[in-house]
Structures are given as structure tokens and as C-alpha cells.
Amino acid sequence: MSYRLRPSSLADQAGIHQVYRAAARQGGGLLRREDEITNGYIRHNLENSLRIGLSLVAQADDGRILAEIHAWPSETRQLGHCLTNLTVAVDPVAQGRGIGRALLAHLIAAAKANPKFRIIELYCREDNRRAIDLYQSLGFVFEGRLKGRVWQGDGKPYLDDLLMALYLTMGA
């Protein structure tokens with residue numbers, strides 16, 4: 001499957017929506033469930049990341065969106081250097097091909113090229129070993145553990161949410 005990475009645009013909203021719904025339906029990665037992936041949620045992410053952050057898509061040769069990554073900082077001056085609100089979603093049919101890694105590597109490179117950003121922060125559920133391994137391989141380190149933060153559903157145990165960070169500049 002051939003694809004290219006490019007900056008996202010508002011015109012990608014429908015394709016991104018499909019990717020997020022498919023990823024949520026699969027389970028195990030995104031924090032939101034399929035019925036929580038609304039057009040408004042996708043639009044909110046796109047608008048914020050395009051306005052003050054970063055957003056990229058992986059697009060197949062046939063035009064389909066295969067994956068998306070976005071992040072944006074707080075609008076407060078004291079936290080504006082922390083690129084956060086990070087989410088990456090890969091359509092299950094495209095998983096295992098390095099697309100998520102490629103998107104994250106491009107997001108890191110774009111963040112490093114912007115002197116405003118010094119840190120990239122993300123949250124990851126403790127049971128998402130595949131994502132944790134990916135983040136660590138790209139230089140993210142554990143910053144904290146929010147015990148019992150993630151509710152899985154009736155009768156299932158609560159999961160810890162792990163805070164991870166990548167420091168883009170020395171002395172961050």
C-alpha cells in the first residue's frame with residue numbers, strides 16, 4: 001500500500017472521521033469509543049491543530065485517508081511551548097505498515113523546526129503496549145502515571161493513564 005504524508009486541511013474532515021471511527025471500532029487504541037467520534041470532535045481537532053498546532057495525514061494513492069496525527073498547545077503563555085492534545089489514529093486496514101511511526105516522526109520533525117515548541121506531551125493507556133513501545137523508540141520518556149483514570153466499562157478494572165514526553169530542546 002503506497003501512501004504519502006502531507007499537512008491536513010479542513011477538506012480532510014470526512015476521511016479523518018472515517019479513520020477515527022474504524023480505529024475506535026477496533027478498540028485498544030483510541031480513548032474515545034466509536035459513538036463518541038463525531039463530526040464536531042474531528043472538526044474541533046482539525047481547527048485547533050491547523051490554527052496553533054500541527055496536523056498531518058497519510059493519504060493512499062487512491063485518495064483515501066489512511067491515518068491522521070494532530071497536536072496543539074495550550075493558548076496560555078506559560079504552557080504554549082508544550083505541544084499536547086496529541087492523538088494519532090491509523091485505519092485498521094493500514095496498521096502494521098509503519099504509517100503511525102512515519103506520522104509521529106514527521107510531527108516531531110515539524111515541532112523541532114518550530115522554535116516555539118520545546119516539549120511534546122501525550123497520554124497513553126497502560127495496556128497499549130504497542131503504542132508505548134513506539135513512543136519510547138522515538139525518544140519519549142515516562143513523566144507520570146494517573147492511577148485509575150481510564151474507565152473501560154461496567155465490570156472492568158480502571159486503567160492507569162501514562163503521561164509521556166519528548167524534550168525537543170536541551171534544558172526543557
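Analyst: Rings of Phe, Tyr and Trp count as a pair if their centres lie within 6.5 Å. In this predicted model, that rule gives 2 aromatic pairs.

User: What makes Tyr20 and Tyr41 an edge-to-face pair?

Analyst: Their ring centres are 6.3 Å apart, which falls within the 6.5 Å limit. The planes meet at 70°, and anything over 60 degrees counts as edge-to-face, so the name fits.

User: Why can we say that the pair of Tyr20 and Tyr41 ties together separate parts of the sequence?

Analyst: Tyr20 belongs to helix 1 (residues 13-26) and Tyr41 to helix 2 (residues 39-52), so the pair joins parts 21 residues apart in sequence. Both Tyr20 and Tyr41 are buried.

User: Let's turn to the nonpolar interior. Which residues of the largest core touch the most other members?

Analyst: This core has 31 residues, and those touching the most other members are Leu83, Leu86, Leu104, Leu107, Ile120, Tyr135 and Phe140. Among the elements giving two or more residues to the core are strand 4 (82-90), helix 3 (99-113), strand 5 (119-125) and helix 4 (129-137). Helix 3 supplies the largest share, with 6 residues.

User: What does Leu104 contact beyond its neighbours within four places in sequence?

Analyst: Leu104 is in contact with Ile69, Leu86, Leu134, Tyr135, Leu138 and Phe140. There is also a second, separate core of 13 residues, with Val19, Ala24, Leu30 and Ala89 included in it.

User: How many salt bridges are there, and how do you know that Glu126 and Arg145 form one?

Analyst: The count is 11 salt bridges. The distance from N to O between Glu126 and Arg145 is 3.5 Å, and the limit is 4 Å, so the pair qualifies. Glu126 sits in the loop between strand 5 and helix 4, while Arg145 is in strand 6 (residues 141-150), 19 residues away.

User: Why is Arg145 called partly exposed?

Analyst: Its relative accessible area is 44%. Buried needs under 20% and exposed needs over 50%, so Arg145 falls in between. By the same test Glu126, at 30%, is partly exposed.

User: What makes Asp160 and Arg145 a salt bridge?

Analyst: The closest N and O atoms of Asp160 and Arg145 are 2.8 Å apart, which is within 4 Å, so the pair passes. Asp160 lies in strand 7 and Arg145 in strand 6, so this bridge ties together parts 15 residues apart in sequence. Asp160 has 11% relative accessibility, which is under 20%, so Asp160 counts as buried.

User: How far apart are N and O in the salt bridge of Asp161 and Arg149?

Analyst: The distance is 2.6 Å, N to O. Asp161 is in strand 7 and Arg149 in strand 6, 12 residues apart. Asp161 is at 4% relative accessible area, so it passes the under 20% test for buried. Arg149, at 48%, is partly exposed. Elsewhere, shared partners join the salt bridges of Arg21, Arg25 and Glu34 into one network.

User: How do you know that Arg149 lies over the face of Tyr123?

Analyst: Arg149 is 4.8 Å from the ring centre of Tyr123. The distance limit is 6 Å, so that part of the test is met. The rule also asks for a position within 35 degrees of the ring normal, and Arg149 is listed as lying over the face of Tyr123.

Technical notes: Residues numbered from 1 in each chain as written. Predicted model: local features only at pLDDT ≥ 70, side-chain atom pairs only at ≥ 80, totals over all residues. Heavy atoms only, no water. Phe/Tyr/Trp six-rings, centres within 6.5 Å; stacked < 30°, edge-to-face > 60°. Helix = DSSP H or I, 4+ residues; strand = E, 2+ residues; numbered from the N terminus. Buried < 20%, exposed > 50% of the residue type's maximum accessible area, 1.4 Å probe, protein only. Core = buried A, V, L, I, M, F, W, Y, C linked by side-chain atoms within 4.5 Å. Contact = heavy atoms within 4.5 Å. Salt bridge = Lys/Arg side-chain N within 4 Å of Asp/Glu carboxyl O.
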